[in-house]
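Please find below my comments on this model, set out as numbered points for discussion. They may be read alongside the sequence and the coordinates.

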Amino acid sequence: RSHEFYTGSHQAGIETEPQRHCVYMTFDLTTTSVQDLQVLLARWSAGIAQMMAGRPVGTVDPDRSSAVPQDTGEAYDLGPSSLTVTVGLGPGVFDHRFGLAAKRPKLLADLPTLPSDVLKPELTGGDLSLQACADDPQVAYHAIRDLARMGRGTVNTRWTVMGFGRASAGKGQSTPRNLMGFKDGTRNIREPEDFDRYVWVGHDSEPVWMRGGTYQVARKIRMDIEIWDSSDRGTQEGIFGRSKGAGGPLSGGSEFTTPDFHKMVAGKPAIPAKSHVALAAHENNGGIKILRRSYNFTDGINELGQLDAGLLFIAYQNDPGHFVTLQRRLGSADLLNEYISHIGSGIFAVPPAPKPGHYLAEGLFA
Ligand code: HEM
């Protein structure tokens with residue numbers, strides 16, 4: 001199936017039911033010309049629209065043998081494969097370089113240092129982000145590759161994660177599992193009312209060009225797979241607060257039963273107070289909900305021969321402060337911390353999708 005780019009409403013790839021694969025990449029602007037940035041966003045818009053419709057961004061097979069193909073060609077014949085490409089603008093777009101400081105959304109700033117951060121500088125930040133999701137990994141990769149190619153001379157690549165296997169669920173989808181073997185996405189945001197309340201920037205918010213947009217937080221989270229794999233089921237279930245097989249809360253019931261955080265068993269909470277879900281649940285965190293749209297990733301094996309893998313955690317919320325509040329809680333207490341490390345991080349403002357005849361974030365240059 002194909003998704004539309006020029007909706008004039010929210011960008012695709014957020015409320016869209018998560019596709020099977022994702023390639024995520026951030027970029028540094030190497031230009032100091034605001035016009036270059038404008039042209040890049042216009043070219044990216046046109047290119048993304050083409051690719052989401054399953055078309056190449058230019059000639060794959062030029063008539064003249066001396067001509068360089070405009071599209072690299074590896075997605076030719078693969079169709080749209082549900083491709084969506086979601087574009088984000090990092091805090092750097094609004095620094096001194098481009099004269100756009102007055103246009104910076106107040107909520108867009110580098111994330112503060114968070115408890116249990118072990119961020120690697122080379123996996124952090126970026127002036128622009130692209131999240132390409134598709135049901136065929138080659139279609140997602142092709143999109144990122146050709147957009148990076150279009151950006152040459154204006155942007156350099158900064159960090160990237162190749163996600164395989166969705167680890168989140170949208171409306172009507174079955175819940176997949178992350179690499180720890182647990183169902184992930186059970187209590188994700190699904191209903192349109194929750195999107196309006198927690199994800200989309202409201203129609204009375206500032207700046208005007210961000211209305212209908214959202215904020216993206218990406219974290220590359222490494223899992224200590226070997227240690228996890230040697231822990232027993234009871235320990236694993238206590239860490240998440242859910243059962244491994246069916247994914248139901250430890251307070252009882254099936255996958256979608258509402259957890260009962262007050263239920264006691266043998267004098268202890270059935271769902272441990274420091275379990276991942278007890279700390280993250282909206283009932284216990286002042287009512288915050290975020291949209292999680294994560295993917296599993298692997299980088300093969302590390303220099304010690306251990307499996308190098310984890311979760312490309314991508315969250316969307318209309319206030320990045322909601323992610324910060326949650327991660328402060330999780331980072332300082334979550335039982336899961338013994339098995340994970342946050343090694344990459346980025347924050348981006350995600351403007352709404354353009355209307356036909358327009359380009360992404362055009363309002364920023366008005
Ligand atoms: C729930 C896994 C990181 C926020 C869950 C669940 C699992 C899970 C298995 C229960 C099923 C569900 O409701 O989706 C993981 C893993 C992580 C990770 C393996 C890291 C490798 C994070 C981070 C945040 C977060 C960084 C936010 C800062 C949440 C929230 C819920 C949740 C809000 C729903 C809690 C509820 O309402 O019951 N996660 N998670 N998670 N997680 Fe994570």
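The points below treat the annotated domains, two helices, the ligand shell and some backbone details of this predicted model.

1. Domain annotation, N-terminal part. An unreviewed UniProt entry assigns residues 11–164 the annotation "domain: Dyp-type peroxidase N-terminal". In the model this span is 21% helix and 21% strand, and its end C-alpha atoms lie 22 Å apart.

2. Domain annotation, C-terminal part. The unreviewed UniProt entry also carries the annotation "domain: Dyp-type peroxidase C-terminal", which covers residues 175–353. Here the chain is 22% helix and 25% strand, with 28 Å between the end C-alpha atoms.

3. Helix α2. This helix comprises the 14 residues 137–150. At 1.5 Å a residue the expected span is 20 Å, and the end C-alpha atoms are 20 Å apart, so the model agrees with the expectation. Its buried residues are Val139, Ala140, His142, Ala143, Ile144, Asp146 and Leu147; the list thus includes His142 and Asp146. The elements that cover these buried residues include β1 (21–29), α1 (34–52), β2 and β3.

4. Arg43 and Leu147. Arg43 is found in helix α1, whereas Leu147 is among the buried residues of α2. The two residues are 104 apart along the chain, yet their C-alpha atoms are separated by 8.7 Å. Is Arg43 itself buried or partly exposed? Arg43 counts as partly exposed, because 16 other C-beta atoms lie within 10 Å, and a residue is buried only if 20 or more do.

5. Helix α5. In α5 (residues 233–240), Gln236, Ile239 and Phe240 are the buried residues. They lie on the same side of α5, because they cover an arc of only 90° around the axis. These buried residues pack against α6 (276–280). Just after the helix, Gly241 takes a positive phi of about 85°.

6. Ligand shell. How many residues surround the ligand? The shell holds 29 residues, and the closest are Thr186, Arg187, Ala280, Ala281 and Leu326. At least two shell residues come from each of β5, α6, β10 (307–317) and α7 (320–333). The largest share, four residues, is that of α7. By class, 16 residues of the shell are nonpolar, eight are polar and five are charged. Helix α6 therefore deserves mention on two counts: the buried residues of α5 pack against α6, and α6 supplies at least two residues of the ligand shell.

7. Positive phi outside glycine. Two such residues may be examined. Ser116 has a phi near 70° and is placed in the loop between β2 (84–89) and β3 (128–134). With 15 C-beta neighbours inside 10 Å, Ser116 counts as partly exposed. Ala361 also has a positive phi, of about 60°, although it is not a glycine; Ala361 lies in the segment after β11 (340–350). Its 25 C-beta neighbours inside 10 Å make Ala361 buried.

8. Cis peptide. Where is the cis peptide bond that involves Pro207? The bond joins Glu206 and Pro207, with omega of about -10°. Pro207 lies in the loop between α3 (192–199) and β5 (214–223). Strand β5, at the end of that loop, is one of the elements that supply at least two residues of the shell around the ligand.

How values were computed:
Residues numbered from 1 in each chain as written. Predicted model: local features only at pLDDT ≥ 70, side-chain atom pairs only at ≥ 80, totals over all residues. Buried ≥ 20, exposed ≤ 12 C-beta atoms within 10 Å, placed from the backbone. UniProt positions renumbered as here; feature names shortened; annotations may be inferred. Arc of directions from axis to C-beta. Contact = placed C-beta atoms within 7 Å. Near = placed C-beta within 6 Å. Nonpolar A, V, L, I, M, F, W, Y, C, P; charged D, E, K, R; others polar. Expected span 1.5 Å × (residues − 1).
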